[in-house]
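Here are a few exercises to work through with the model open beside you. Try each task on your own before reading the solution.

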Amino acid sequence: MIFDARPCDLGEGPLWHPTRGQLFWFDILNKRLMTRTDAGPEHWQFDAMVSAAGWTGPDSLLIASESRLFSLDLVTGAQATVVLLESEMPLTRSNDGRADRQGGFWIGTMGKRGGDDPGKGAIYRWYRGELRLLYPGITIPNAICFAPDGRTAHFADTVTGKVMRVALDSDGWPKGTPEVFLDLTAEGLHPDGAVIDAAGTMWLAQWGSARVAAYAPDGTFLRAVGFDAPHTSCPAIGTDGTLYCTTALQGMDASARAAHPNAGKTFAAPAIAQGIPEPQVIL
């Protein structure tokens with residue numbers, strides 16, 4: 001079903017805030033943070049593209065933008081820069097990101113021309129006052145998510161068609177070399193955003209495939225949940241087991257948009273999986 005009918009040019013970064021019981025997501029190209037409550041739709045407008053968030057308190061988020069990570073007070077709208085992020089690189093922006101189980105925040109960057117800017121992006125981690133570069137040379141960072149026990153991180157460079165995994169130490173920093181978790185190249189699938197549920201199942205949005213696919217901890221395909229929009233971009237799981245999914249209009253010409261009138265909207269599929277509360281980011 002449609003959770004929110006406002007079309008996004010590039011819907012991304014859904015976050016289920018566990019203490020508010022509220023979904024937040026982004027329309028990256030239109031520089032908006034969006035939400036919906038019983039009172040209706042709401043959004044916050046920014047002067048730069050924003051793409052991902054973690055929660056830092058009942059009324060606050062950490063948000064990734066083109067040039068910084070900043071805190072947002074959801075009540076007053078006040079902003080405060082936490083750390084600069086590629087602020088000297090005007091041709092890049094943030095993309096996929098998620099909090100890890102240790103209270104850190106992973107964020108990917110990419111060229112503003114997407115696949116036409118190969119290797120212009122990277123993946124970073126913010127943790128207790130330090131922003132550390134983890135993986136350079138990324139084209140389109142996606143699928144950042146974490147095993148329930150906090151010992152494994154996953155991520156993807158969408159253009160490779162592969163989802164990687166890497167072991168984490170007790171503080172959540174990568175140890176060892178990333179290895180392939182899913183190789184979707186033979187199927188022609190494009191990994192986008194992902195989230196892992198309480199059973200360790202990865203729910204992976206697949207750009208261009210109108211679905212979110214579920215994979216067991218060993219990489220076995222389990223099932224797929226379809227949505228009425230071709231460009232599924234990122235899932236989130238609510239406390240009641242609802243699977244939410246953002247979608248996008250980006251890359252669709254007039255005929256494609258006419259054929260898919262629900263493209264760009266945000267969807268909800270009830271009773272799909274048991275989620276894990278998103279960890280609070282430690283500033």
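**Exercise 1. A residue in the core**

Leaving aside its neighbours within four places in sequence, which residues is valine 212 in contact with?

*Solution.* Keep in mind that this is a predicted model. Start by selecting valine 212 and skipping the residues within four places of it in sequence; the contacts that remain are Trp203, Leu204, Ala205, Arg223, Ala224, Val225, Phe227, Pro235, Leu243 and Cys245. Next, place valine 212 in its wider setting: it is among the residues with the most contacts inside the largest nonpolar core, together with Trp203, Val225, Phe227, Leu243 and Ile272. That core has 18 residues. Finally, look for the strands behind it: strand 19 (202-206), strand 20 (211-215), strand 23 (243-247) and strand 24 each supply at least two of the core residues. As general background, nonpolar side chains tend to be buried together in soluble globular proteins.

**Exercise 2. Reading an open sheet**

Find the order of the strands in the open sheet that contains strand 1, and say which strands are at its edges.

*Solution.* Trace the 4 strands across the sheet, and you get the order 1-24-23-22 with antiparallel pairing. The edges are strand 1 (2-4) and strand 22 (232-237), as each of these pairs on one side only. On average, neighbouring strands here are turned by 30° against each other, direction ignored. Now zoom in on one pair: strand 1 and strand 24 (residues 266-269) are joined by 2 bridges. In one of these, isoleucine 2 has phenylalanine 267 as its partner.

**Exercise 3. A serine in an edge strand**

Is serine 233 buried or exposed, and what does its side chain meet?

*Solution.* First locate serine 233, which sits in strand 22, one of the edge strands. Its relative accessibility is 0%, and the cut-off for buried is under 20%, so serine 233 counts as buried. Then check the side chain: one of its polar atoms lies 2.6 Å from the backbone oxygen of glycine 11. Gly11 also appears in the list of residues that serine 233 touches beyond four places in sequence, which includes Glu12, Asp192, Trp207 and Cys245.

**Exercise 4. A strand covered on both faces**

How many residues of strand 11 are buried, and which strands does strand 11 pair with?

*Solution.* Count along strand 11 (residues 105-111): 7 of its 7 residues are buried. Split them by face, with Phe105, Ile107, Thr109 and Gly111 on one side and Trp106, Gly108 and Met110 on the other. In general, side chains of a regular strand alternate between the two faces of the sheet. Now turn to the partners. Strand 10 (residues 92-99) runs antiparallel to strand 11 and is joined to it by 6 bridges, while strand 12 (residues 121-127) pairs with strand 11 in the antiparallel sense over 5 bridges. Isoleucine 107 makes a handy landmark: it stands opposite glycine 97 and also opposite tyrosine 124 in strand 12. Strands 10 and 11 form a hairpin with 5 residues between them, and in this turn glycine 103 has a positive phi of about 90°.

**Exercise 5. Positive phi outside glycine**

Where do lysine 31 and alanine 210 lie?

*Solution.* Lysine 31 is in the loop between strand 3 (22-27) and strand 4 (32-37), with phi near 60°. Alanine 210 is in the loop between strand 19 and strand 20, with phi near 55°. Most residues other than glycine have a negative phi. To finish, check accessibility: lysine 31 counts as partly exposed at 29%, and alanine 210 counts as partly exposed at 24%.

Definitions and conventions:
Residues are numbered from 1 along each chain as its sequence is written. This is a predicted model: local features need pLDDT of at least 70, side-chain atom pairs count only at pLDDT 80 or more; totals for chains, interfaces and linings use all residues. Side-chain values use heavy atoms; hydrogens and water are left out. Two strands pair if DSSP finds at least two bridges between them. Axes are lines fitted to C-alpha atoms, for helices over the stretch in contact, and angles run from 0 to 180 degrees between N-to-C directions. Buried means under 20% relative accessible area, exposed over 50%, partly exposed in between (1.4 Å probe, protein chains only). A polar contact is a pair of N or O atoms within 3.5 Å; within protein, one must be able to donate a hydrogen and the other to accept it, and residues adjacent in sequence count only if both atoms are side-chain atoms. Contact means heavy atoms within 4.5 Å. A nonpolar core is a set of buried Ala, Val, Leu, Ile, Met, Phe, Trp, Tyr and Cys residues joined through side-chain atoms within 4.5 Å.
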